[in-house]
Amino acid sequence: MKSPSFADLSWSADGQPFSTQFGDVYFSRDSGLEETRHVFLQHNDLPQRWAALQPGSRFCIGETGFGTGLNFLCAWQLWDRVAPADARLHFVSTEKFPLSTDDLHRALALWPELQPWAEQLLAHYSDLAPGWQQFSLADGRVTLTLLVGDLLDSLPQLDASVDAWFLDGFAPAKNPDMWQPALYEQMARLSHQHTTVATFTSVGDVRRGLQAVGFAMHKVKGYGRKREMLAGVLQQPSGQQWSAPWYQRPAPPADRARTALVIGAGLAGCSTAFALARRGWQVTVIERHATPAAEASGNPQGILYTKLSPHQTPLSRFVQTSYAYSLRLLNEVLEPGEDSWSACGVLQLSTDDKEAARHRQLGEQGYPSSFLHSVDAEQASALAGFGVQRAGLFFPGAGWASPPMFCQALLRHANIRLLAGSAVAQLEQGDGQWQALGADGQCIASDSIAVICSAADSRRFQQSSHLPLKSIRGQITHLPATDASLGLKTVLCAEGYISPARQGEHHLGASFRFDRLDTEPSPQENLSNLEILTSLSTALSTALQPEQYDPAQLTARAALRCTSPDYLPLIGPLTDADAFRADYAALAKDASRQPQTPASWYPGLYLNTAHGSRGLVTCPLSGELIAAWVEGEPLPLPRDLAEAVHPSRFLLRQLIRGQG
């Protein structure tokens, strides 16, 4: 069943899609390909501009109305033909009503010439939930960021510098809500002097609206039977409004070498290293243990857990956006299999009537059924293969993965080297390099930037010692599978979870302990984990017969998760805490002040930590966010979410609350 937020299409006899919502075609019936090339590629001068790019350059296109993806694929085809091999294309597009997967397959089949590019997009595309969707394509050479929703809501949250605009969408007469001064103002905000724009329409209101925000517009010959269209360039950038300096982008050094240190080889560190490596950075990952994923990322099975809120809290929005990207990256780097990962689905069972109501509310919010849908107890039992007593939510694309295997797959990138068995005691900067020093003061490695990904241990460095990180102990129990329990088809979760069998074992857990910070397995926590089993499914408990086991004899694994006071991770650049308190001390008396003093960033120092029990879901996108901060790329999150996970948020709160 389609979500009501999908595009509603009808199809002509010759296979052309038509929007019944807007009563308009998606592209010229004469030749959509040639129309795109004429309007958007030629009149943004892209063939000439891209051929003249320097090696390693970046270029950003902003588009209104992704539609069938035709403009994107045509641009990508041209990019591959004329841009330098190591240049990177960022394509940011808005879409209120995305096509379903089936409709996109059908639409793109119209263009055999684009098949090599369409196949790559379709391999990553699924029915899109509302929000921001990040796609890394062509081994990271092309990034597509889709803002699913009303563009007048999403564009104000975009942090990007656009080089060329594809002003597309259904005709102004058919879609007047889009063609508004607010859109043109956002286009100007996101542009720089010499940003170009092209659009198929020549409507006077559009031309005057773009001129009013600083674009010099002119009419040129349209495509085919269309007499005229508009093209232009931004000559007068709009005046920039005040923005909080503690969330602004640090300026990168002019001649910085593209080399990076990543401290920690758990999911956060490996995701960060991979995101930088696929952008051409040479990355050294330093891990104090003999192998990667030796601490909280070392559980044999991790669950793609996506607990959402119908109230769209920052945590819920962050998890939802991260979940979709995590699934794409898993599909890209790790073959599904009985040892590696399985998209077997996750059943989130309601724990009480209040949660059942919340699950029903989420199921009614217009998500694609392939993303989530509510189920009653009978439907849940059929999906699980065992009787369950409660209703809940089913996430068909979710499942379990082996975090150590995921980490190893990410570290296999040719631009990454791992230094295992090396503990970093200090970070020092000098001569434009960050040096990782051991306890003996000797340099382990040095590179132009450093990213701390060491969970709660991230506080051991002087530069990050102010961060309010805390550890929470968690233990999982390994339960031997039986012939009957092998029939479990999905992950079951509520107060805890149990996974389908991997290598002859189910994994059950996980405990949350605040009173212990050791990692020695505990019989008491094994016992509490076993008690979770009955609450999930009495039928499954009967199949596993947990009462036959002595909790003290069961295999278990305990580790320390890292979290923050607001349970959101910390991802972004690091500032000097003492300088922050001095520079913005006035906020303690008046939080409405708008200081102009730039933040005192540690040049080239970043943090990625505190993912709690959600690291398998949130770490892959966190790597993309770090890379976007480092490279000056469009952020893959709405600006308010990027600020919600920014490391500086706690310094700001402490000042305002008089705790600085």
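Is R317 buried, partly exposed or exposed? In this predicted model, R317 is partly exposed, with a relative accessible area of 22%. The legends below take a friendly walk through a few close-up views, and R317 returns in one of them.

**Figure 1. Three domains along one chain, with a view of where domain 2 meets domain 3**. The chain is divided into domain 1 (9–234), domain 2 (255–295 + 405–469 + 565–657) and domain 3 (346–396 + 470–561). Between domain 2 and domain 3, the C-alpha centres are 32 Å apart. At their meeting place, 10 residues of domain 2 contact seven residues of domain 3. About 620 Å² is buried between the two, and carbon and sulfur atoms give 52% of that area. On the domain 2 side, look for E295, L469 and Y567: they supply 43% of the area that domain 2 buries against domain 3, more than any other three residues.

**Figure 2. Polar pairs between domain 2 and domain 3**. Two residue pairs are in polar contact across this boundary, both at pLDDT 80 or more. The count of salt bridges between domain 2 and domain 3 is zero. On the side of domain 2 that touches domain 3, the residues divide into seven nonpolar, two polar and one charged.

**Figure 3. Helix α1 and its surroundings**. Helix α1 spans residues 32–41, and seven of its 10 residues are buried, so the helix is largely enclosed by the rest of the structure. The buried ones are G32, L33, T36, R37, V39, F40 and L41. They pack against α2 (46–51), α3 (70–82), β8 (162–167), β9 and β11 (228–234).

**Figure 4. T199, a buried residue of strand β9**. T199 lies in strand β9, which covers residues 191–199. With 0% relative accessibility, T199 counts as buried. Its side chain reaches the backbone oxygen of L167 at 2.7 Å. Leaving aside residues up to four places away in sequence, T199 touches V39, F40, L167, W179, M229 and L230.

**Figure 5. Two salt bridges, each inside a helix**. Side chains of opposite charge can pair when their charged atoms come close. In helix α1, R37 forms a salt bridge with E34, with the closest N and O atoms 2.8 Å apart. These partners are three residues apart in α1, so about one helical turn separates R37 from E34. R37 counts as buried at 17% relative accessibility, whereas E34 counts as partly exposed at 37%. In the second close-up, D205 pairs with R208 in a salt bridge whose closest N and O atoms are 2.8 Å apart. Helix α8 (residues 204–212) holds both D205 and R208, three residues apart and separated by about one helical turn. D205 is exposed, with a relative accessible area of 55%, while R208 counts as partly exposed at 45% relative accessibility.

**Figure 6. R317 and its partner D640**. Here is the residue from the opening question. The side chains of D640 and R317 meet in a salt bridge at 3.0 Å, N to O. D640 belongs to helix α18 (residues 639–644) and R317 to helix α10 (residues 314–333), so this pair ties together parts that are 323 residues apart in sequence. D640 counts as partly exposed, at 31% relative accessibility.

**Figure 7. A network of salt bridges**. Salt bridges that share partners join R473, R513, D515, R516, D518 and E525 into one network. The count for the model comes to 30 salt bridges.

Terms used
Residues are numbered from 1 along each chain as its sequence is written. This is a predicted model: local features need pLDDT of at least 70, side-chain atom pairs count only at pLDDT 80 or more; totals for chains, interfaces and linings use all residues. Side-chain values use heavy atoms; hydrogens and water are left out. Domain bounds come from an automatic or database domain assignment. Contact means heavy atoms within 4.5 Å. Buried area is the accessible area (1.4 Å probe) that two parts lose on being put together, summed over both. A salt bridge is a side-chain nitrogen of Lys or Arg within 4 Å of a carboxyl oxygen of Asp or Glu. A polar contact is a pair of N or O atoms within 3.5 Å; within protein, one must be able to donate a hydrogen and the other to accept it, and residues adjacent in sequence count only if both atoms are side-chain atoms. Ala, Val, Leu, Ile, Met, Phe, Trp, Tyr, Cys and Pro count as nonpolar, Asp, Glu, Lys and Arg as charged, and the others, Gly among them, as polar. Helices (H or I, at least four residues) and strands (E, at least two) are DSSP runs, numbered from the N terminus. Buried means under 20% relative accessible area, exposed over 50%, partly exposed in between (1.4 Å probe, protein chains only).
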